[in-house]
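Visitor: I would like a close look at the aromatic residues of this model and at what surrounds them. Please take me through that part slowly, and then carry on to whatever lies beyond it.

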Amino acid sequence: LEEKHPDEENSPEGGREYYSEEGKTFKLHIVGKIKQQLNADPTLCQGYPSSFGLTDFTRRATEVALGKSSQAIMENRVLGVQTTGFTAAVRLGAELLRHWYNVGAAWCGPVYLSAPCDAAGIEDIRKYCYWDDKRRAVCLEKLLEDLRGAPERSVVVLSASSHYPTGADLSRNQWAMISQLIMKRRLLSFFLLPAQALCYGDLTQDAWPVQHFESEGMELLCAQSFTHCFGLYDEAVGNLVCVLKQKSLLLSVQSEANIIVKSLWAQPSVGGAQVVATVLNNPAHFVEWKDEVKRMVERCMLIRDLLRQKLRLLGTPGCWDHLTQQRGLFCCTGLNDRQVEFLTRSRHVYLLPYGCLNVSAINGRNLDYVADSIHLALTTSL
């Protein structure tokens, strides 16, 4: 094994998990308690679910994506499919899009991703502008311009909250402008919710754009994950939501989804889905879970503020207000490739692609070291 560099004792983790103040993958107390209860329950059946997953889970997961008052749910024109994590939900959605393209269905145009964006498993990709590097903010004007140029029946991948890798989200007024444009241009929205609840600490608020689009009567896809917000890194659980225009389309979509799922993973695991369903179905458990998630979100916001203050005190070049204007697990540092390489080689600080930093990996032991490292990356001749 490679000998560990002394500086690595102070460097943050470079993964995508939520880390505790001790630098360990965080485990929620309520999740551990629910797992013990489920393991001790002799009446609990551990049999295999259908290819669509645990019904109780998909029902509740779909509900927290679309809202309890969802018209689509009440009209039974929604399909929820349990997946083996967020990436699997995106892949399933991409496979459904590919099928629709092959049969010449309504949505058979190219797929538009934000620039920058990280969404594996999607083909025929085009980009729309999302992030302005100079201003370190969302570039709404260029975003709208790019979507106006998208051919009808194209698919637009949208981050509902905690946009990765920038951490910068749209306001509700901006979302309303985008929804009107998408309806006018006859585009299909494919929403990403990789860490629902870890942006604002609230499931509903994080999913507001999805619920707004659904309330406007729009068809959409939404890939969800409960891995981050439940700390289920050992048994990842996700959900793909399909909102259809008409109930008559549901059977054909179910049939195709069933074929695709069996070719990808046969049946999803039960454990993680049971934990999520148990928490979402029990008001007392839900309150306890929500309190833990709120503390996770508050810690991330505190770290952002402390890092910004440290960089200001060091006199680090540039404005760092974007650190606290962004939300969620990740922030876009604004560092270029050479500066990121300097952090890796000289300081053993490991960033994710696009100069993205996992905020939760910063703690009381390494905060000063991280701030000093970023300062050096911007002031040292490379």
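To begin, is Y18 buried or exposed?

Guide: Bearing in mind that this is a predicted model, Y18 is buried, with a relative accessible area of 3%. The structure holds 9 aromatic pairs, and Y18 belongs to one of them: the ring centres of Y18 and F26 lie 5.5 Å apart and their planes meet at 75°, so this pair is edge-to-face. The partner ring is placed otherwise with respect to solvent, for F26 is partly exposed, at a relative accessible area of 22%, which means that F26 lies above the 20% limit under which a residue counts as buried.

Another of the aromatic pairs is made by F230 and W289, whose rings are stacked, with 4.9 Å from centre to centre and 20° between the planes. F230 belongs to helix 9 (residues 227–230) and W289 to helix 12, so their pairing ties together parts that are 59 residues apart in sequence. Both members are shielded: F230 is buried with a relative accessible area of 0%, and W289 is buried with a value of 2%. These two residues also take part in one aromatic cluster together with F57, F226 and F286.

From this cluster the view can widen to the nonpolar core. The largest such core has 55 residues, and F226, F230, W289 and L307 are those with the most contacts inside it. Helix 12, which spans residues 283–314, gives the most to this core, with 8 residues. The core also draws on both domains, taking at least three residues from each of domain 1 (55–281) and domain 2 (297–379). For L307, leaving aside residues up to four places away in sequence, the contacts are with L323, L357, I362, L367, V370 and A371. There is, besides, a second, separate core of 35 residues, which includes A65, L66, L181 and C222. Such grouping fits a broader tendency, in that nonpolar side chains of soluble globular proteins tend to be buried together.

One more aromatic ring deserves a place in this account, since the charged end of R136 sits over the ring of W320, at 4.9 Å from the ring centre.

The cysteines come next, and here the model holds 0 disulfides. The sulfur of C129 has its closest cysteine sulfur in C139, at 4.3 Å, which is too far for a bond. For C242 the closest cysteine sulfur is that of C222, a member of the second core, and at 9.8 Å this sulfur too is too far for a bond. C242 itself is buried, with a relative accessible area of 0%.

What remains concerns the backbone. The peptide bond leading from Y164 to P165 is cis, with omega near 15°, and P165 is placed in the loop between strand 6 (155–159) and helix 6 (172–185). That loop between strand 6 and helix 6 also holds S162, a residue that is not a glycine and yet has a positive phi of about 55°; S162 is buried, at a relative accessible area of 11%. A positive phi, near 55°, is found as well in N76, again a residue other than glycine. N76 lies in the loop between helix 3 (71–74) and strand 1 (78–83), where, at 39% relative accessibility, N76 counts as partly exposed.

Methods: Residues are numbered from 1 along each chain as its sequence is written. This is a predicted model: local features need pLDDT of at least 70, side-chain atom pairs count only at pLDDT 80 or more; totals for chains, interfaces and linings use all residues. Side-chain values use heavy atoms; hydrogens and water are left out. A nonpolar core is a set of buried Ala, Val, Leu, Ile, Met, Phe, Trp, Tyr and Cys residues joined through side-chain atoms within 4.5 Å. Buried means under 20% relative accessible area, exposed over 50%, partly exposed in between (1.4 Å probe, protein chains only). Helices (H or I, at least four residues) and strands (E, at least two) are DSSP runs, numbered from the N terminus. Domain bounds come from an automatic or database domain assignment. Contact means heavy atoms within 4.5 Å. Rings of Phe, Tyr and Trp (its six-membered ring) pair if their centres lie within 6.5 Å; planes under 30 degrees apart count as stacked, over 60 as edge-to-face and the rest as tilted. A charge sits over a ring if NZ of Lys or CZ of Arg is within 6 Å of the ring centre and within 35 degrees of the ring normal. A disulfide is a pair of cysteine sulfur atoms within 2.5 Å.
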